Amino acid sequence: MENLGTINIFIHHPDEDITLNIQKLLTSYASLIIGRLGIPDRESGYNLITAIVKGRIEDITSLSNKLNDLDHVSATPVLTTIDIQ
């Protein structure tokens, strides 16, 4: 069973190391990601990435938890309650 949803990733004052670590994680979970959108807000110092994901809830949660382990990063999964066949 697969779930469909997003992981909303907020990055406060991103630097090259943070950006590289996020990119490595997203690449390692590429099989879950069906699309993504990144928006920088230079005035506030925040960036937002929304990753559209489809996969097992355990895998999506694992990616979200690993993103949350990074400094200056907050990731929140938002998933459908309907399993995708």
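In this predicted model, the hairpin of E2 and E3 has 4 residues between its strands, and Gly45 takes a positive phi near 85 degrees there. Strand E2 (residues 33–41) runs antiparallel to E3, with 8 bridges joining the two, and Leu37 stands opposite Thr50 in E3. E3 also pairs with E1: these strands are antiparallel too and are joined by 10 bridges. In this pairing, Thr6 stands opposite Ile52 in E3.

Turning to the helices, H2 offers a neat check on geometry. Its 12 residues should span 16 Å at 1.5 Å a residue, and the end C-alpha atoms are indeed 16 Å apart, so expectation and model agree. Ile60, Leu63, Ser64 and Leu67 are the buried residues to note in H2. Viewed down the axis of H2, its buried residues fall within an arc of 95 degrees and therefore line one face of the helix. An α-helix has 3.6 residues a turn, so residues three or four places apart point the same way. The buried residues of H2 pack against E1, H1, E3 and E4.

These elements meet again in the largest nonpolar core, which has 18 residues. At least two core residues come from each of E1 (3–12), H1 (16–28), E3 (46–55), H2 (57–68) and E4 (73–79), with the largest share, 4 residues, supplied by H1. Ile7, Ile9, Ile11, Ile22, Leu63, Leu67 and Val73 have the most contacts inside this core. Val73 gives a good view of the packing: leaving aside residues up to four places away in sequence, Val73 touches Ile9, Phe10, Ile11, Ile18, Ile22, Leu67 and Asn68.

Technical notes. Residues numbered from 1 in each chain as written. Predicted model: local features only at pLDDT ≥ 70, side-chain atom pairs only at ≥ 80, totals over all residues. Heavy atoms only, no water. Core = buried A, V, L, I, M, F, W, Y, C linked by side-chain atoms within 4.5 Å. Buried < 20%, exposed > 50% of the residue type's maximum accessible area, 1.4 Å probe, protein only. Contact = heavy atoms within 4.5 Å. Pairing = 2+ DSSP bridges. Expected span 1.5 Å × (residues − 1). Arc of directions from axis to C-beta.
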